[in-house]
Every structure is written in structure tokens, then in C-alpha cells.
Amino acid sequence: MVLDRSKKARLTQPLYKRRIWRQPLGSVYLTVILDHIMLINKILGTLYHAADQSEALNEILSMAGAVFNASRAYIFELDEAQQYYDNTYEWCREGIAPQKENLINIPRENISAWEKLFKSAEIVRCGNINELDPVSRDILKVQGIKSILVAPLYYRNDYIGFMGFDECFHHRQWTDSEEQTLRNMASIVSTAVSAIRRERERVKMVEVSHSVLNSLSSAVYVAELKTDKILLANSMFRQILPSLTGNACFYRGGDQSTPGFCKMEDMIYHRCPHDDNHCLRDGCVRIVRSESLGKWYKLFIKTITWLDGGTVLLGNFLDITDIKLAEEKMTRLASVDTMTGVLNRSVGLKMVAEAIENCRERKADFALAYIDIDGLKAVNDKYGHKEGDYMIVAVAEALKKAVRDTDMICRLGGDEFLLVLTKCEQGEISTVLSRVENCLEEIVRYNGKPYPIQISHGTYFASGPDTPDLQEMIQICDKRMYTHKRSKGRERRVPAQI
């Protein structure tokens, strides 16, 4: 449908300048105009007070349809791809069948003739749909429509759809007042439609973000900066810590049952190598262990801007327990004697040196025993090295059974061992060594070995700042071990050089 120039110029004028105001007005015409003015006021009030803009639009169509005495009032929106129209809002007069569910994914080209008018700031004002283009006419006839009045929806020069009225009972000549009122309505409604579209896009983006977050193997969460209340958490976080979602990540004042990585105050403010603001702004990475979960986590945390414009904490922690266990295993392999399972020479001597330093600082007394296996060379010569290795392993096992977990055993090499008893009393080392000798006797008796497994030992009790250094202490113990061995009539072994 094409409008002549004079009519187009007339329709673009303000209502007070248009001919309708210059004609003598009867009471009916005046009532109609006042109804339209009141309708616009109601529309503005409805949108202003509405908590739900979608409900407000449905209410607006209901009010407008009644004032216009139309068969149907509706809003169509373009999809995000700008290719299809959807009938998103609809009001129908009593006796008129709703069409909303049938008017989804309407190809844009089907109403291309309308869009040409819309681009020229014109509206589709048709009293008889037979005057429309064939495509539009066929679409409207199926719905039982005889007349239409449709205006475009623009928001900030962006075309987003259209709204209008249908008449299904008779051919209707729409008035200038109705046309101008629809234009005003479209201008107001387009703002609400655009706001709803933006909200839908925001919700969709959030849903996509959640989908991405839930697909991650690491746990991700967002927490309030001041209260540490969890605002958002992905599925991995909820799987690990279901009770924390929506709650404070830790309780100020201390809750030892709360997983360690959630104690942000301790982890970030106290342990971060940078100052607080720098750490939170640029991100802080920590390797932490949750004692309650028995897991190791790599935690990255920094401040970000949240949806409301405020500042929040973004945390991302990855379960690295398997990696830590592998590292610990490699460390053990590097520090353990492969034959006996006790600490090797280098690690053992370092631990003795640390014990000496602690003792000198009056932190803890300890006892050191230098142990040598008796008769190992003779067993190797007579029964073979396999039996000699058995003797070494048997001594190591006897030592393990006789000591506490806090004590230390290391193999210096060959048939020599060091034993450190931590935080012990003077004379306690003799009791432990007696248990070792009894255990060796039981091993020989139980396995029916044709040779005895015996040890010689020299000990030193370290206490206070006058504790000798490592080399001197080893030499003292070696002399005492030799005295012990000689007292049993056995030859002395030359100790490994420390």
C-alpha cells in the first residue's frame, strides 16, 4: 500500500496541527480523542509501575484493544539473526481465536512490502486486505483478518519489530487519530520491548556462561568481597561443596571444619606475596590442602566486576591431588633406599643435621644410634649375597617395628644404619635397641635361618646448645659402636665416610 505525498506530510505533523483539530468536533469524536490521550497516559503509568515488563505489555495490549475496539492487538519481534518474526504478545477480543502459537518463525521476506513503508516512517493502514500485496494478503486471510493497522517498533534507530491491530468482522477505515495514537504507542512500547530483549539476551548469555562453567573440570565460584557469600558456583564446586552454595565460604572468627581453600582471609591476605590490593586485582595463585576433604587444590583468585557493577571475588580451584601424590611418590623414591625402604644416606644425614640445629635452639632433644650388622661378610661368603641382602632387609624391618612414626631411620650404605629418636628422654634409645635385637631373634627363629642376625651400635643423646656437629657426633657413635662390637668379640667394620 502506497500513501500519497499530501497524506504522508499530514501524518507526520503533530496532532494539534492536523486537520482533525481544525474541524468542528462532535461529542463522539472528542470522546475518542480523549480516550486515546488517556490510553497513552495509562500505558506510561503501567510501564512505570510494572515489576514485570512482559506482563505490562500484555496489559497494554488489552487496554489498547478495548479502546480501539479491535479484534486483535499484537506485537511481533525480529529474532536475533534478523531473519524471522515471532508473535511474542497478543490480545484477542472475545470470540476471536488466538493466533500467537501459529505465528512463529515467519520469514522476514513475507512482509517485505510492509518493511518498505516502515523504513519511510510510515505505517500499514489498510481497510481492506485485498488491497495488499499477494503474500501479505494470503497470510492475513488465513487468520480471518479484514483490516489492519500496523506501526514499526524502533529503538535507537534499530528496527526490532512491529505492533498493530486487526479487524476480523468487517472492513474498517482507520482514523487519523487511531493512526497517531498507534504511532505514540509504538514509540513507548518499543522501549519496553527492547529492555525485555536485552534482558533475554543477558539471561541467555548467563545460561551459556553457566553451561561453559559446568563443563569445566575445575571448580569455579564467585563470592561477595566483604562477606565471602557464594553468589555463583559451577557444578564441580557444588559437587565438592554442596553445603557452601549461597552461604559464606568461611566464617570470620575461624571454623576449623571449613575446607582450607575457602579461608580466603588467611590464604590471600596473609599468605599472598604481594600487597592485598595488588594480589586481588592481578590474581593470586596458591597450592592449598583441604584437610577435611583430603585433597590438594591449585587455587586462583582475583577481583572482577560483577553484573551489578560491584566488585566480587572470582575463585577457580583445580583438584591436583593426583599430581601431588605423584610428586610425593617421586620425592619418596628419590629419598628412599630401594632395598630396605628406609631413607637413603643423603636425606638421612640432612635430617640429622636439622635435628642438631633444632636441639641447639632448645626446641627438641634427640638420640642418635649408629648401627652395624654383625657378620654380614661371613654370611655373604658362606651363603651368598642373597642371604646377605636378607640380613640387611631384616635389620631394616626390625628397626621400623621398634620406632615411632616421628623417628627416623636411614641406611648409610652396606651394613650401616642411623637411627634418630626425636623428642625422647635419655636412656630411651637403649630400650628401643633392645626391642630391635629381640625382633631380630624372632625373625631368625621364625624363618629357620642357619645364621644369627645381630647388630652392634653406638649412641649419643643430644641436648642443648652444646650439641656437637654432625661429623663429630657420627665419630662419637662409631667409637661407641666399635666398643660394643669388640665386647662381643666381633671384628670392627670401617664406617662409611660422612
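**Strand β6, its partners and positive phi angles in loops**

Asn 157 is exposed, with a relative accessible area of 76%. In this predicted model, the residue belongs to the loop that joins β5 (147–155) to β6 (158–167). Its phi is near 70°, a positive value in a residue other than glycine. A positive phi, near 55°, is also taken by Arg 156 in the hairpin of β5 and β6, where 2 residues lie between the strands.

The two strands of this hairpin, β5 and β6, are paired in the antiparallel sense over 9 bridges. Within this pairing, Ser 147 has Glu 167 of β6 as its bridge partner. Strand β6 also pairs with β1, again in the antiparallel sense, over 6 bridges. Here Phe 165 in β6 stands opposite Ala 73. Of the 10 residues of β6, 9 are buried, so the strand is largely enclosed by the rest of the structure. Burial here refers to a relative accessible area under 20%, whereas exposed residues have over 50%.

A further positive phi occurs in the loop that follows β1. Gln 82 is located between β1 (72–78) and β2 (84–92). Although Gln 82 is not a glycine, its phi is positive, at about 60°. The relative accessibility of Gln 82 is 33%, so this residue counts as partly exposed. Asn 157, in the loop between β5 and β6, is by contrast exposed at 76%.

Technical notes: Residues are numbered from 1 along each chain as its sequence is written. This is a predicted model: local features need pLDDT of at least 70, side-chain atom pairs count only at pLDDT 80 or more; totals for chains, interfaces and linings use all residues. Side-chain values use heavy atoms; hydrogens and water are left out. Helices (H or I, at least four residues) and strands (E, at least two) are DSSP runs, numbered from the N terminus. Buried means under 20% relative accessible area, exposed over 50%, partly exposed in between (1.4 Å probe, protein chains only). Two strands pair if DSSP finds at least two bridges between them.
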